[in-house]
Amino acid sequence: DYSEEPVRALSNFEVHCQQPFNAEPYLPLLINAGNITPSDIFFKRNHGPIPNISYDHHQLFVGFQHSPQNKIDNGHVEWKSLSMSDIMTLWPKITITASLQCAGNRRDGLAALKEVKGVIWKAGTISNARWSGVRLRDVLKDVMHIPEDLVHDMVRDFHVAFEAEGHVLEDVCYGSSIPLRKAMDPLGDVILAYEMNDEPLSRDHGFPLRVIVPGYIGARSVKYLQKIIIQPQESEAYYQQKDYKILPPWVDHTNVEDSWDAVSSLGEMNVQCVICTPTEQEDISPDIPLTIKGYAISGGGRGVYRVEISIDGGETWEAVKMEQKPERKSGMFWSWALWEKTVSRIIKPTEIIARAYDSSGNIQPETPIWNYRGVMNNAWFRVHVVPMH
Ligand code: MTE
Ligand code: MO
C-alpha cells in the first residue's frame, strides 16, 4: 500500500521506480552539494512502501539464538525490548560520518553488456551523511549480557541479523545480517542511528531507527529497524541469501535459482571512483580550462590511496588532489573522498577516465565484469566529451 508515501523533492532525482520509490540524484547536484549530502539529494532505495511508524510506540526487540536448533520463535529465547527513549537515554550518543553506497551502483554499466536483474542504477546511488545514534556493540553487550571472553569465542562464527518493520516485495520483511565480528569491533563503528545530518531520520531514510554499517554495502544498513538477533548463521532473508551476491559469469536467468547457495553474501564495498561533472550531456567549451569533479571510496574502512585521471582515453594519466577524512576516533575511512582537477582546454572529442587505488593496493578493472545481479561494478569511469566549437 503506497498511499502514505512521504513528500519528496522529485526534481533532484532520476526516479527509476515510484512504487517502491527508487531514485538517485543527478551527479552534478550530488557533487555540488559537497561532502555531506542533504537528505533531499541523498539517494533513496526501497524494496517496499515506507512504513508509517509511531516514535512513541516503536519497540526494538533484541534476541539471542544460541544454536541453529534453538529457533528464536519457539519460546526458548527471551526477547528483550527497548523503546526509542530507552535507546536514546541508556547509551551515549555518538556521531559518525559515513557514505552509503548501494551494491547496485553503476548497474547500468553491466546492463549494457548483457541482461541483468535489478533497478538500472547509474552512478548516483551513493551519498555521505552524519549519522548519530548508539553503538550496536554497547547495546548488544548490555542487553544480552555477553561477557567479553564469550564475545571472543563467538565472533568467529556468529552473525547479527536485522529485521525491519514494513512490507517488501520479495520476502515477509526486509532483513539482512553482518558478522558479529563487525558488530563488536570497537573500531567498526556500527551504530543504531536515529539522526541523519543532525535531524531525526526522515521516513525515507529509516525513521525512527536504522542500522548504519560503515564500509559495507548499503543493503546491510537496515532501515525501520525492529529486530536484532544474534545467531549462529547469516540472515535467511532474501536480501542476504538471494540478492547482493556476485554470481559467476555462467549464471543467468536460466540457472540462477540453483546458484545462490554456492556464492557467499557481500559485505565490504570495493574500490570505486566516479566522475560527476562534466556529464556526457554537458556542453564543454574548447576555450577555457575544464574542471572535472567526482568521488572515490573503498570498503572496510580502507582509504583511497590515489585518484588518477586521463583526458586522452587512457594514454596518459595524472594524479588528482583529493582529501578524505578518517573517522575521528577509529581512524577508519568510512566517508568518500571528493576530488577535483582542472585540466587544460579540451579542443577535440575525447574520453575522460577516472580510476582509484585503495590503501590495500586494490585497483579497479579497466572494463566492466558482468554478473547477473549487476552488483559491485567498479570499472574505470569513462565520460565521452565533445567540445562545442
Ligand atoms: N531497509 C529496509 N527496511 N528496506 C529497504 O528496502 N534497502 C537497503 C538498505 N536498507 C532497504 C533497507 C538498501 S539495498 C540500501 S542501498 C539502503 O538501505 C539505502 O538507504 P537509503 O534509502 O537511506 O539511501
Ligand atoms: Mo542497495
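Here is a walk through this predicted model, from the whole chain down to single residues.

Let's start with the overall picture. The chain holds seven helices and 21 strands. Its C-alpha trace spans about 75 × 45 × 45 Å along the principal axes. The radius of gyration is 21 Å, which agrees with the value near 21 Å for a compact globule of 389 residues. Of those 389 residues, 45% are buried. Take the contacts between residues at least 6 apart in sequence, and 70% of them turn out to join residues at least 24 apart.

Next, the domains. Domain 1 comes in two pieces, 22-115 and 127-242, while domain 2 is residues 272-385. Their C-alpha centres lie 28 Å apart. Where they touch, 25 residues come from domain 1 and 26 residues from domain 2. On the domain 1 side, the elements that give two or more residues are α1 (27-32), β6 (94-101) and α3 (107-111), with β6 giving the most, at five residues. Sorted by class, that side of domain 1 has 13 nonpolar, eight polar and four charged residues.

Since β6 has come up, have a look at I94, which is found in that strand. Is I94 buried, partly exposed or exposed? With 15 C-beta neighbours inside 10 Å, I94 counts as partly exposed. Leaving out residues up to four places away in sequence, I94 touches S132, V134, R135 and I191. I191 is 97 residues from I94 along the chain, yet their C-alpha atoms are separated by 8.3 Å.

I191 also opens strand β10 (residues 191-196), and Y194 sits in that strand. Y194 has 22 other C-beta atoms within 10 Å, so it is buried. Setting aside neighbours within four places in sequence, Y194 is in contact with I87, M88, S132, G133, P200, L201, P208 and L209. S132 is therefore a residue to find again, as it is on the contact list of Y194 and on that of I94. For a sense of scale, the C-alpha atoms of Y194 and I347 are separated by 50 Å, with their positions 153 residues apart along the chain.Follow the chain out of β10 and you reach the loop between β10 and β11, where N197 is found. N197 has a positive phi of about 50 degrees although it is not a glycine. D198 is placed in the loop between β10 and β11 too, and its phi is positive as well, at about 70 degrees, again without being a glycine. How exposed are these two? N197 counts as partly exposed, with 18 C-beta neighbours inside 10 Å, whereas D198 counts as exposed, with 11.

A little further on is P208, one of the contacts of Y194. P208 lies in the loop between β11 (199-200) and β12 (210-212). The peptide bond joining F207 and P208 is cis, with omega about 5 degrees. Another cis peptide bond joins Q19 and P20, with omega about -5 degrees, and P20 is in the loop between β1 (13-17) and β2 (22-25).

Now for strand β8 (residues 159-164). Six of its six residues are buried, so β8 is largely enclosed by the rest of the structure. In a regular strand, side chains alternate between the two faces of the sheet. Here H159, A161 and E163 point one way from β8, and V160, F162 and A164 point the other way. Which strands pair with β8? Strand β9 (residues 175-179) pairs with β8 in the antiparallel sense over five bridges, and the bridge partner of A161 there is S177. Strand β13 (residues 225-231) is antiparallel to β8 too, over six bridges, and in β13 the residue opposite A164 is L225.

A164 turns up again around ligand 1. This ligand is surrounded by 17 residues, and the closest are H47, C102, A164, G218 and K223. The shell has nine nonpolar, five polar and three charged residues.

Finally, over to an open sheet of four strands, in the order β14-β15-β19-β18, with antiparallel pairing. Its edge strands are β14 (272-277) and β18 (322-323), each pairing on one side only. β18 pairs with β19 (residues 337-343) over two bridges, and M322 stands opposite W339 in β19.

Key: Residues numbered from 1 in each chain as written. Chains lettered and ligands numbered in written order. Predicted model: local features only at pLDDT ≥ 70, side-chain atom pairs only at ≥ 80, totals over all residues. Domains from an automatic or database assignment. Contact = placed C-beta atoms within 7 Å. Nonpolar A, V, L, I, M, F, W, Y, C, P; charged D, E, K, R; others polar. Buried ≥ 20, exposed ≤ 12 C-beta atoms within 10 Å, placed from the backbone. Pairing = 2+ DSSP bridges. Near = placed C-beta within 6 Å. Rg over C-alpha atoms; globule rule 2.2 N^0.38 Å.
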